[in-house]
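Colleague: Hello! Could you walk me through how to read the features of a protein structure?

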Amino acid sequence: MELVEAIILSVLAASTPLLIAATGELVTERSGVLNLGVEGMMIVGAACGFGGAWLTGSIFIGALFGIVAGILMSLIFALMALGLAVNQVATGLALTIFGVGLSGLIGAGFVGERISPAAHLTIPGLTEIPLIGHVLFGEDGFVYFSIALIIGAWWFLYRTRAGLILRACGDNHVSAHALGYPVLRIRTFAVMFGGACAGLAGAYLPLAYTPFFIPGMTAGRGWIALALVVFASWRPGRLVVGAYLFGAVTILQLHAQGFGVGIPSQFMSALPYLATVIVLVLLSRARTGGSTAPAALGTVFVPDR
Amino acid sequence: MRKPLLALAAGLLLAGSLSAASAADKLKVGFIYLGPIGDLGWTYQHELARQALVKELGDKIETTYLENVPEGPDAERAIEQLVRAGNKLIFTTSFGYMDPTLKVAKKYPNVHFEHATGYKRDKNMSTYSSKWYQGRYIQGLIAAKMSKSGVLGYIGSFPIPEVVSGINATMIAAQTINPNIKVKIIWANTWFDPGKEADAAKALIDQGADVIMQHTDSPAAMQIASERGKLAFGQDSEMIKFGPKTQLTSILDTWGPYYIERVKAELDGTWKSEDTWGGLDSHMFAMAPYTNMPDDVKKIAEDAQAAITAGTLHPFKCPVVGQDGKEIECKGGANLADGQILGMNFYVKGIDDKLPGK
């Protein structure tokens, strides 16, 4: 029983950064912008988040640093891809490469330092409940926040007028523009939200997961977040399933190895990615006609006065 | 042997950091690094060695390094860049630079190359590596003494001979203390991913391991062990900062003396292509101070270290028994031959797991 609880806790911790970053990217892409710079924004968020926490001793301030760093990075993207109408794919890739380098520079002074990780919730009486106590009442703040975040994103996209307008920009920017909506301004906000989430997701790694900073510590999680958005076919509900599924497969394959299950570890390491491909195929087969992606995703929009 | 650090972005990334002093006729020595110099592990130790080299011979040489150089075709360009910049001796410090180094070496016969952990040589290309399994043997003794549960946790990177021989040396040593000792092995299939290394350490501890050993590069596992009140060994460099009450010891790569020796040879004009595979006796690596253990365990470790250094103790002393209970053919007289260790692809008796790919 204890082992099951331990596994669930590890799964939640492994899934949280993916869920946060993917939520931001989902909103960004719903507005019609493809920002491939998630990995770059995450790693800069990790460096700044750790720096903030290390300098001030506060995890909360560290998280804020991460968010602000992510927003600043996303503004570079917005300036290029929205303001100057540069190709979004190229800009996003450039942002990642830039971010990996920049984070090394920012983090150079913190390498080898350590902080105490984010505190976990303790509610006397509740946290001690076997099996579910720690899972429900003993997580760090990031885990609870990530769940609130995705519910908030769902509510915004599907239950508010602003969310409807944002989705309209993503599906047909010409019509949205004709109706008088400021497409580029809306998209800029969406990109900034994506940056904030990526920065926070990056900051989660040195603030709660492994409380030190090392260049390159995001190790490709930004790319996984991007894949998750496609996996979820741009739907918040499926995004939650995808993120936890991904985390679960990652953790379970490690445990399977520890128990000596005779499946090659290389295969098990590849399982999460294989699962993504299979789900993508299933989703596209189940749907009749048309893509599930926002129709204007990745296309440049220049308003014609 | 090393593999790429960053999975996706690294392929596109060639961050060049140049550190050069100006001098007219000083010998130029170049270094190619796999990771950032701040990785606290593999590349960091090579950088420390370069600094030691500069300290020793700084008035006669000028050094340059390129960090974050991905293994593969990009490496060839980076090595060639160093050649064109006038470097006469170039150290390429990761396994994956083997073929690129050889290719550039053939093109520039007047430049000398030193490749770490590879097996391909030429008249102007040497190789060098360390017998890390000696250090693993000492760790095995300590682990068996310190483990209360009798279960060791081992985080492997890739099932290559260097890592497999480390696991075997650990278990051969541990069995001399506790014949029933168990090891749980998790392959991370990466050299560097702090999150995944932490997950692997958590999984091992959750399954009952109380001493964690790793053959991956970040201090994440050490940090998790420290959080959970368990014990662990560092890797490549000193990691005690991440587990002041956790680290038992760490195998420290100390390339400095070798670099100094080879550069001196180059300066004297006596450099020639060689294959160096050094151990504790030739100071290719060192053991970090033995900490967080009682004096009797410390003594066992120190005695073993002294015996290995003196050559009276060999971790792979025959008979070495394989998993199937059969003795491994002894090609090196009293011990397994170097070639058998360098190509080790079997587990020894007492490891319940199955070696991937077997």
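**Reading the features**

Modeller: Happy to! Let us begin in a loop: Asn292(B) lies in the loop between β12 and α9 of chain B. Keep in mind that this is a predicted model.

Colleague: What is the phi of Asn292(B)?

Modeller: Phi is a backbone angle, and its sign is a handy thing to look at. For Asn292(B) phi is positive, about 60 degrees, although the residue is not a glycine. Another residue to put beside it is His283(B), in the loop between β11 (275–278) and β12 of chain B. The phi of His283(B) is near 60 degrees, also a positive value in a residue other than glycine.

Colleague: How do I read the surroundings of Asn292(B) and His283(B)?

Modeller: We count neighbours. Asn292(B) has 18 other C-beta atoms within 10 Å, so it is partly exposed. His283(B) has 15 C-beta neighbours inside 10 Å and therefore counts as partly exposed. A residue needs 20 or more to be called buried.

Colleague: Which peptide bond is cis, with omega near 0 degrees?

Modeller: Here the angle to look at is omega. The bond from Cys318(B) to Pro319(B) is cis, with omega near 0 degrees. Pro319(B) sits in the loop between α9 (295–310) and α10 (338–342) of chain B.

Colleague: Now the sheets, please. How do strands hold on to each other?

Modeller: Strands of a sheet pair through backbone hydrogen bonds, in either a parallel or an antiparallel way. In this model, one open sheet of chain B has 6 strands in the order β2-β1-β3-β4-β5-β11, with parallel pairing. At its edges stand β2 (61–66) and β11 of chain B, each with a single partner strand, so one side of each has no neighbour in the sheet. On average, neighbouring strands of this sheet are turned by 15 degrees against each other, direction ignored.

Colleague: How many bridges join strand β1 of chain B to strand β3 of chain B?

Modeller: There are 4 bridges between β1 (residues 27–32) and β3 (residues 89–92) of chain B, and the two strands run parallel. To find a place where they meet, look at Phe31(B), which stands opposite Phe91(B) in β3(B). A helix joins the picture too: α3 (residues 98–107) of chain B packs on the sheet and touches β3, β4 (112–116) and β5 (125–130) of chain B. The direction of α3 makes about 170 degrees with that of β4(B).

Colleague: What is the strand order of the open sheet with mixed pairing?

Modeller: Its 6 strands, in chain B, follow the order β7-β6-β8-β9-β10-β12. The edge strands are β7 (182–187) and β12 (285–287) of chain B, each pairing on one side only. Inside this sheet, β6 (residues 151–156) and β8 (residues 211–214) of chain B pair in the parallel sense over 4 bridges. Gly153(B) has Ile212(B) as its bridge partner in β8(B).

Colleague: Is Tyr154(B) buried or exposed?

Modeller: Count neighbours again. Tyr154(B), found in strand β6 of chain B, has 28 C-beta neighbours inside 10 Å and so counts as buried. Leaving out residues up to four places away in sequence, Tyr154(B) touches Ile167(B), Val183(B), Lys184(B), Ile185(B) and Met213(B).

Colleague: How do I check the length of a helix?

Modeller: Compare the expected span with the distance between the end C-alpha atoms. Helix α8 (residues 256–268) of chain B has 13 residues, which at 1.5 Å a residue should span 18 Å; its end C-alpha atoms are 18 Å apart, which agrees. The buried residues of α8(B) are Tyr258(B), Tyr259(B), Arg262(B) and Val263(B). They cover an arc of only 125 degrees around the axis, so they lie on the same side of α8(B). After α8(B) comes Gly269(B), with a positive phi near 80 degrees.

Colleague: How many residues of α2(A) are buried?

Modeller: In α2(A), 17 of its 19 residues are buried, so to read it, think of a helix that is mostly covered. The helix is followed by Gly57(A), whose phi is positive, near 80 degrees.

Colleague: Finally, how do the two chains meet?

Modeller: For an interface, we list the residues in contact: 40 of chain A with 40 of chain B. On the chain A side, α11(A) gives the most, with 6 residues. The residues of that side divide into 21 nonpolar, 17 polar and 2 charged.

Notes. Residues numbered from 1 in each chain as written. Chains lettered and ligands numbered in written order. Predicted model: local features only at pLDDT ≥ 70, side-chain atom pairs only at ≥ 80, totals over all residues. Pairing = 2+ DSSP bridges. Contact = placed C-beta atoms within 7 Å. Nonpolar A, V, L, I, M, F, W, Y, C, P; charged D, E, K, R; others polar. Expected span 1.5 Å × (residues − 1). Buried ≥ 20, exposed ≤ 12 C-beta atoms within 10 Å, placed from the backbone. Arc of directions from axis to C-beta. Axes fitted to C-alpha atoms, helices over the stretch in contact; angles between N-to-C directions.
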